[in-house]
Each structure stands twice: as C-alpha cells, then as structure tokens.
Amino acid sequence: SPISVNSTFSDRCLIPKLNSKSRSSSVLKAVASPPAKQPMTLIEKVLAKGANKSFVKPGDNIWVNVDVLMTHDVCGPGTIGVFKREFGSDAKVFDKEKIVIIPDHYIFTADERANRNVDILREFCNEQNIKYFYDIQDRSDFKANPDYKGVCHIALAQEGHTRPGEILFGTDSHTCNAGAFGQFATGIGNTDAGFVMGTGKLLVKVPATMRFKFDGNMPDYMLAKDMILQTIGDIGVAGATYRTMEFAGDVMKQLSMEERMTLCNMAIEAGGKNGVIAADETTFEYLKGKTNRPYEVFHSDSNASFYYDKVYNIEELEPVVAKPHSPDNLDLARNCRDIKTDRVYIGSCTGGKSEDFIAAARILQGQKVSVPTFLVPATQKVYDDVQTIRVNGQTLAEIFKEAGCIDPASPSCAACLGGPKDTFARLNEALTCVSTTNRNFPGRMGSKEGSVFLASPYTAAASAITGYVTDPREVYNFDKHTRHSAESLREN
C-alpha cells in the first residue's frame, strides 16, 4: 500500500501522468495516501515500499525489489560473469528494461583490456536485448556515437533513470549521486549485482539516518561542493558508515538538481550507505520530458527518529578544500595560499556537470590561467552545453579558450580514477592538482606520488588563475547580498 509523506505535500504521493502526445507535456497529479501508523524517515519509507511492507526500522534485513540496476565497463564484465556462472550461460536477465549499462570509465585509451571490457558489454546487451545500453564503438570521435553518453551517474539523471521513491543499485560507489532525486541509490559489488541481474531483488539492511540541515541564505561564493566537503571534514570518512545521509533545511530549496547531485554524490566519502534529498518542484521540473514512469514522493515524518542531527548556518561557512590524502582532511581555502599547484582539473560525476563549468567560467572570464587547466565534461550533453551556453555574451568554450585552458576532452571519467597511462590528464608523475573530483587518496588520479586537493569549481578556477590554492573571493568580486546560481548566470 502507498506510504504516506508529509511536509509541503501532506499525506500525498505524486505520480506523473503522461500526455499521449509528448513526454515533455507530462504533469504531476496528487493522489491521496493513508497516513503511516509509525513514523519513518524518507529512506525507511522508500525501502518499506520496495519490500512491500508497511513499516521498517534501522537494522531490519529486508528483501527489496529493484527498480534500476546500473553497471559500467569496469564492473560490468565481472557482473555478467557472476550472472552467467550462477544462473546459467543461457539465462535471461530479470527485466531487460530495468538494467542500464553505461561505458564511461576507461574509454578513450589504447589499452586492449579496457577496450575488451566494452566489447563484453556490447556482446551481452545484444544477447539479452538490453534496451538501455549507451554504446561507443568509434573511440576516435565520440560525436560519431549517438548512443554514447559519458559518466554513468550524470547520464542516469539526464536520461530519466533517476526517479523519486525508487530503488537504484549500481556497481559504482558514487551511485549515491541519484539520491538527489529522493530515492534510495547506493553502490554494490559485482556479486550482488549479478544476483540482482538474475532476480531483480536484493537483501538490504535498513540504514539509520543522519540528518544534515543547512539553513540560511546561500552566499554567492559558496557551492554545494563546499557544503559536502565541510560535512565530511566534520564527521570524518567513517562518520556515516552504513548510514543514510539526508540533506535538508532552507538551503535545499536554493539548490538546483545538479548541486543536489554534488551533495549526495560524496555521501560515500563519509562512509555513507547513501545520500538523499526530498524531491520537490525543482525535482519535478528536471524530470519533465525525461521519464514517463510513475513515481512516488516521500518525506521524513516530523517525528521520525534520526541517528544524528546536525544544523549548519550556511552564512557562516566559507570555501574549503580537502587536502591530501583524504576527503576529510579539511581546511579553509584561504589557509592554503602557500600551496602551489601544477595543474587544475575540472570534471567527473562530482564536478563535471554543466553548472560546474558555468561556475568555473564565471571566475575565468576575462582572466588567464597560470597552470595547465584540464576540462572534462561528464557527458555528451555537458560537452554540447560548454559549446553553446553563454555567460555575458560568450560561450563557455570561448571563455575557457581565451583564458588559456586546454580544450575540453571527450566526455568520460578520464583521470578521476587514474586509468591507463594514456588517460587524458592522468597524473603520471609527482604533481599537485586542484581538482573538482571526489577522492584524493594516494594514486587515485594516477601516480602515488601525486597530491590532489579537492575543491569546488569556483576554488579550482581561482587556483588556475593564481597557481596556488586560492579562495575564489581573492580573484572575484562576489555579490554580497544576492546569490547568483549557475542557472541564473546562463543566457540561453
């Protein structure tokens, strides 16, 4: 039976109804839902729905029905191997329309084993008639591959696979990115994924929820990356181990879907099982034209029990970085002016979205970079946006070119996970890099001697200009009264 929600929508679930003429005409219809007998958090409600139960609590072990299983070129072959070993070489997947396969990690490389991984995915998808396989065959020109998307977590959102109230598993730890849509999304290993591939189910322990409320008016110089780095720095990389991180408060309404993705994306860096933000009108607007599947919206009950509750005043926070070699090695960006950087990297599922590039362009417009600055759009759509979105009369590509940045690379994970030695922007020697990525452990971006400072696009762009770790307020005159979001900066 439907699970109740509260907050703005009272005890209602929201279900999109498809206009027969066009997906872009889909609307939301409110449907009454009976109240829950016992209070639950948002994620407890989602898992209860997935388990066909009226109530679950932290610590319960439950079987849930899976709405979407995602895998990619790194873990896909292993998942397929487990599936065939356990279910038989001629077995069929549980639902060919609920499996999404996205090559994205080691794509633009001459490495034969990496290339073979994509071939294995293609063979399997042809054999199983998988509907959502975003293939690439011509690596010399990604534009010649209309089905190819790029980084899986951003492609999942752009292609309408992330929906409120659903359960999504992926063979990648940053699958928690999709929690921005008010769903339970988490990473799993190849063995679990192989089991899901054959059954559509998985045994899950219900996680306790830690709530992080951000109140106040978001300063113009702050980005979601600063918020999540601050949070991780405060609780540590094991602070949320096997727990849900629910992000709430006044500031959530001020964030776009892409900024919300940044928050949820790095829940795993705090050890979290998943991150989540309640869906609202911003979510519904983003989903218009992307999906025609019905979905339900859930909110935490006002009297739900939280394992931990933390409140931030966003107006008191400042731009921060995570110093080598851990995402919780927090410091204020302005305290790190003595750290010279050899390069800057703007990309990944965390920091390679369209709005991340708009933010970087805001800082770089009319400036010159003093160190090599690498740009890696997450997906084909992001790449196209870089070529077409205008800020103050210039396209992002024009701004980056005039600033002296290296031309945007083919969309992929690129150097975020290191990869083969011919991977674009990989750290192949002991270099210092300011990066919008998500991890800075030794060897994460290539050489174990490299040093990675995690930062927001504002801080990364500012550091590209000065050549040292730089608080963006040092090089840009931000509005002291009004926040100008990336959405408000774009002219088209």
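# Briefing on a predicted protein chain

Ala 414 lies in the loop between helix 12 and strand 20, and this loop is one of several places taken up below. The model is predicted, and its protein chain holds 14 helices and 21 strands. The points that follow begin with the chain as a whole, then turn to two helices, to some loop residues and to backbone angles.

**The chain as a whole**

- For 492 residues, a compact globule would be expected to have a radius of gyration near 23 Å, and the 22 Å found for the protein chain agrees with that expectation.
- The C-alpha trace of the protein chain spans about 60 × 50 × 45 Å along its principal axes, and buried residues make up 62% of the 492 residues.
- Among contacts in the protein chain with a separation of 6 or more, 75% are accounted for by residues 24 or more positions apart.
- About 18,500 Å² of the protein chain is exposed, and carbon and sulfur atoms supply 46% of that area.
- The protein chain carries 56 positive and 60 negative charges, and the mean positions of these two sets are 4 Å apart.

**Helix 6 and helix 13**

- Helix 6 covers residues 224-235, and because 12 residues at 1.5 Å a residue should span 16 Å, the 17 Å between its end C-alpha atoms agrees with the expected value.
- Of the 12 residues of helix 6, 10 are buried, so this helix is largely enclosed by the rest of the structure; the buried residues include Ala 224, Met 227, Leu 229 and Ile 235.
- Helix 13, which covers residues 457-466, is mostly covered as well, with nine of its 10 residues buried, among them Pro 457, Tyr 458, Ser 463 and Ile 465.
- The cover over the buried residues of helix 13 includes helix 6, strand 14 (320-322), strand 16 (343-347), helix 10 (354-364), strand 17 (373-376) and strand 20.
- A glycine with a positive phi of about 90° comes just after each of these helices, namely Gly 236 after helix 6 and Gly 467 after helix 13.

**Residues in loops**

- Asn 52 is found in the loop between helix 1 (42-50) and strand 3 (61-65), where it is exposed, with a relative accessible area of 66%.
- The C-alpha atoms of Asn 52 and Ile 62 are separated by 9.8 Å, and these residues are 10 residues apart along the chain.
- Thr 423 lies in the loop between helix 12 (396-403) and strand 20 (432-435); with a relative accessible area of 11%, Thr 423 counts as buried, because the cut-off for that term is under 20%.
- Once its neighbours within four places in sequence are left aside, Thr 423 is in contact with Ala 414, Ala 415 and Gly 418.
- Thr 423 and Lys 288 are 135 residues apart along the chain, and their C-alpha atoms are separated by 36 Å.

**Backbone angles and a cis bond**

- Most residues other than glycine have a negative phi, and most peptide bonds are trans.
- Ala 414 has a positive phi of about 50° although it is not a glycine, and Ala 414 is buried, with a relative accessible area of 5%.
- Ser 348, in helix 9 (residues 348-351), likewise has a positive phi, near 90°, and is buried, with a relative accessible area of 1%.
- The peptide bond from Pro 324 to His 325 is cis, with omega near 0°, and His 325 has its place in the loop between strand 14 and strand 15 (330-332).

Conventions
Residues numbered from 1 in each chain as written. Predicted model: local features only at pLDDT ≥ 70, side-chain atom pairs only at ≥ 80, totals over all residues. Heavy atoms only, no water. Helix = DSSP H or I, 4+ residues; strand = E, 2+ residues; numbered from the N terminus. Expected span 1.5 Å × (residues − 1). Buried < 20%, exposed > 50% of the residue type's maximum accessible area, 1.4 Å probe, protein only. Rg over C-alpha atoms; globule rule 2.2 N^0.38 Å. Contact = heavy atoms within 4.5 Å. Areas by Shrake-Rupley, 256 points an atom, 1.4 Å probe, with all protein chains shown as cover. Lys, Arg positive; Asp, Glu negative; His and termini not counted. Charge placed at Lys NZ, Arg CZ, Asp CG, Glu CD.
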